[in-house]
Every structure is written in C-alpha cells, then in structure tokens.
Amino acid sequence: MDITIDDDQKMLRETAMAFAQEAMTADAIRALEGSEHGFDAKVWRKMAEMGWAGAVFPEEYGGAGTGLLELALIVEALGQGAVPSPIYSTVVEAGLLLLDAGSPAQRDSYLPRIASGEAILTTAIAEPSGGLSPAGIRTRITPAGNGFTINGTKLFVRDAGAAEAIICLGRTGDNETDLTLLVVPRDTPGLKIRRLQAAGGEALWEVVFDDVNVDADAVVGEVGGAWSHVARLLLRGAAMKSAELVGIGQASLDLTLNYAKTRVQFDRPIGSFQGVHHHCAEMYRDLEVSRLLAWQAAAALGDGMAGDRETFIAKAKTSEAIQAVTRTAHQIHGAIGFYRDYPLELYYHRAIAAAAAYGDAGHHRRALARMLRENLGRFRGESSHELPVHYV
C-alpha cells in the first residue's frame, strides 16, 4: 500500500495544523474541560465552514468526498493543538454509521446538517459490563406497537449533552450478535443523561434508557444486523485515535525540544547532554513509526480494504508508544512538566484517554493474536503489494 500524501493532502495538513495552533488558547481549552458540552461551538462552526465536518461525506450530502486519510490528517492536527470538538461523536461515529447503514430518509435528514455543522449526533455503544464485544451488550430493545421500547444504560457516550439524537445499540434476540441500532431524539421521554468525569477532559456521558419508545423508522440498517456496522465504527474510531495520538506525541516532542534548547544547567543547555540526545531520538523514532502506522490504517479503511490488521497494529503501537513519549517528555522537563499551567500536563492526560478509547493496546494485541491463530494469510498481509509502505 502506498500512502504517500499528495500536494492536496499536504495543503490540507498544513491548513489544519495552522488552524489547530491558533484556534484556542491554552486557558480556553482548560476552561472547556469543566463545561457542559466540552467544546467551543464557534470553533466547531469554523471547522465546518472549512469543510472538515463533511469532508468524508459524498457531495450529495454537502461533503467533499475525501478519504479517511484526509480525516486522519485533520484529527492529527486537532490532537497536536489539543482542540476539543465533536468530530468523533458526529463524524467518525454517527455520521459515517448513517452513511454506511442509514435509510435514505435518515441520510437526507442528518448528513447535510452534520456537514454544515448544524447537527450534533452521537452513538451509545459501551455499557457498564465493559468490553467491546457483542456479548457485552445488555440493553434490551423489544417490539412495542408500531415501534420499539429501549431499556438499559450506556456509558462513555461522547457529546450526549449537545447531541440532538443518539444512535443506541441494543439487543433484540438471544444470539450474541442479535443487535439493532435505533436513532433516538435526545428529548424523547425516558431518556436521561449525566456527565462523567474523564481524565482527558472529554465530554463523556452516561445515558439511561428507561422505557424509551421510538417508531419503526428509527432502525438504522436491519433489525438484528447491527454488529458488522458497529465493528466498522470501532475500527474507524481506533484508526482516528491513533492519528490523534500522533498529534499528541508531536506536541510533546516539540515542547521537549524547545525546553532542552533553552533550559540551562551547568552553564550549558540540557539539550547538549548525550543522555537528553538519546531520549529525544527515541521519542522521534516512536513518533514517526506511530505516524506511519496511523496513516496506513486510515488509508486502508478509506480505500475499502478490511483494514482491521492495519488498525489493530496502529492502535496497539500508538497507545503504548505515545504514552511513553509523554512520560519521557516529563522526565526531561522535570518538575515544571507537572504544573497545570504548563501544556505538557494536558498532553499527558490526553494521551492516557486516547490510548484507552476504542480499545487499548492489549485489546488490539489480542485481536492480532486471534488473526494469527485463525488466518495466517491475513495476519501476514493477503497480497504482496500491501507492503512496503512509502512514506514522506
């Protein structure tokens, strides 16, 4: 697979990097961590005006029809600038899920307004039982009249406080994958939300469905056929979080290099010491490997390949490597790195949160191990042209 980025992608990347560095001050980002919605609506509208909210949607829905690699470049820049936004809840999760499986009416109703920045949507997948397997879904969806009734509790729902609708995953049968997705307007009677505390400051919510009734046209895809769509959602989320981790790692390395050049000890900048050289070189090595894998995963998923092998590898590597990069950054900075007013502390917690999202390193290593046991050809790469990857 060749993932060399072309001139248009380079321009998009440079534009996104410049925007992310100037969009918000550090104080404004900190203030949003305790706010109800967790993101700045004005900043999100600017992002939508630049076409990023609809970048991956077809032109008929107001999008630009780009691939997931372009979206990964945007997400990487947002991670580097620590800019909070509803891009995961609304684009990576709900928007692309509706594009994959939504009815024509659902697509027409939501996708153009998502692309314009008008509508915020989210998905409710995870539950108190934990895990990312279909067996862990306990929320019940039962037929009722001309529709369905939902009962259950969902955790870690992104941006539920700002969303006009939540796409809920629930069980409609006794088999493990008898699961169904329903679009539920947030003001539906019986739906209750509560903000959770999150290490990275992300707006995550508990959503309780207590005898929530929806009509039959709320079904996304087919009754009992939701899991394949959810599995694709989780893969895309993991690939995008890998890209975000790269941005976090780049910011941590940049802070460290600047500090090593200006912090003087024994009448010399600490960057002149061999031990600091080695640490910085290892940070750069891990960052570049992570970037290569994150871009590869996004390109594979965006090009219509299965992309699971590439995503498992990318998320397993970036989840550990970028946390190591932030720890080394702290080691070089010393005490100042732990001050809340210094940005490194923010990136450290963002790395922890991003590493846990959509499956941590252990989850993706286990997925690779299953692939090794069950399909050695897939594990190695099905065709010779998938490797090597060219990167500039």
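Biologist: Let's start in the strands: which residue in E7 is the bridge partner of Gly 152?

Modeller: That's Phe 209. Keep in mind that this is a predicted model.

Biologist: How do you know that E3 and E7 count as paired strands?

Modeller: At least two bridges are needed for a pair. Strand E3 and strand E7 (residues 204-215) are joined by 9 bridges, so they pass, and they run antiparallel.

Biologist: And what makes E2 and E3 a pair?

Modeller: The cut-off is again at least two bridges. Strand E2 (residues 140-144) and strand E3 (residues 147-158) have 5 bridges in the antiparallel sense, so they qualify too. Pro 143 stands opposite Phe 148 in E3. The hairpin of E2 and E3 has 2 residues between the strands, and Gly 145 takes a positive phi near 60 degrees there.

Biologist: Why is the chain called as compact as a globular protein of its length?

Modeller: Its radius of gyration is 21 Å, and the globule rule gives 21 Å for 392 residues, so the two are close and the description fits. The chain holds 12 helices and 10 strands, and its C-alpha trace spans about 80 × 50 × 40 Å along the principal axes.

Biologist: What share of the residues in the chain is buried?

Modeller: Buried residues make up 54% of the 392. As for contacts with a separation of 6 or more, 75% of them are between residues 24 or more positions apart.

Biologist: Which residues have the most contacts inside the largest nonpolar core?

Modeller: Phe 57, Leu 71, Ile 87, Leu 169 and Met 240, in a core of 98 residues. Helix H7 (residues 227-262) gives the most to this core, with 16 residues. Take Ile 87: leaving out residues up to four places away in sequence, Ile 87 touches Trp 44, Leu 71, Ile 74, Val 75, Leu 78 and Val 92. There's also a second, separate core of 19 residues, including Cys 168 and Val 219.

Biologist: Why is the aromatic pair of Phe 19 and Trp 52 called edge-to-face?

Modeller: Two numbers settle that. The ring centres must lie within 6.5 Å, and planes over 60 degrees apart count as edge-to-face. Phe 19 and Trp 52 come in at 5.2 Å centre to centre and 85 degrees between the planes, so the name fits. A search of the whole structure finds 2 aromatic pairs.

Biologist: Where in the chain do these two partners sit?

Modeller: Phe 19 is in helix H1 (residues 7-22), while Trp 52 is in the loop between helix H3 (41-49) and helix H4 (68-81), 33 residues apart. Buried means under 20% relative accessible area; Phe 19 has 14%, so Phe 19 counts as buried, and Trp 52, with 4%, does too.

Biologist: What makes Lys 241 a charge over the ring of Tyr 88?

Modeller: For the distance part, the limit is within 6 Å of the ring centre. The charged end of Lys 241 sits over that ring, 4.2 Å from its centre.

Biologist: Why does Glu 93 count as buried?

Modeller: Its relative accessibility is 3%, and the limit is under 20%, so Glu 93 is buried. Glu 93 lies in helix H5 (residues 87-101). Not counting residues up to four places away in sequence, Glu 93 touches Tyr 88, Thr 122, Thr 123, Arg 158, Leu 233 and Tyr 358.

Biologist: How many Å apart are Glu 93 and Gly 131 in space?

Modeller: They are 18 Å apart, C-alpha to C-alpha, with their positions 38 residues apart in sequence.

Methods. Residues are numbered from 1 along each chain as its sequence is written. This is a predicted model: local features need pLDDT of at least 70, side-chain atom pairs count only at pLDDT 80 or more; totals for chains, interfaces and linings use all residues. Side-chain values use heavy atoms; hydrogens and water are left out. A nonpolar core is a set of buried Ala, Val, Leu, Ile, Met, Phe, Trp, Tyr and Cys residues joined through side-chain atoms within 4.5 Å. Buried means under 20% relative accessible area, exposed over 50%, partly exposed in between (1.4 Å probe, protein chains only). Helices (H or I, at least four residues) and strands (E, at least two) are DSSP runs, numbered from the N terminus. Contact means heavy atoms within 4.5 Å. Rings of Phe, Tyr and Trp (its six-membered ring) pair if their centres lie within 6.5 Å; planes under 30 degrees apart count as stacked, over 60 as edge-to-face and the rest as tilted. A charge sits over a ring if NZ of Lys or CZ of Arg is within 6 Å of the ring centre and within 35 degrees of the ring normal. The radius of gyration is taken over C-alpha atoms; the globule rule is 2.2 Å times the number of residues to the power 0.38.
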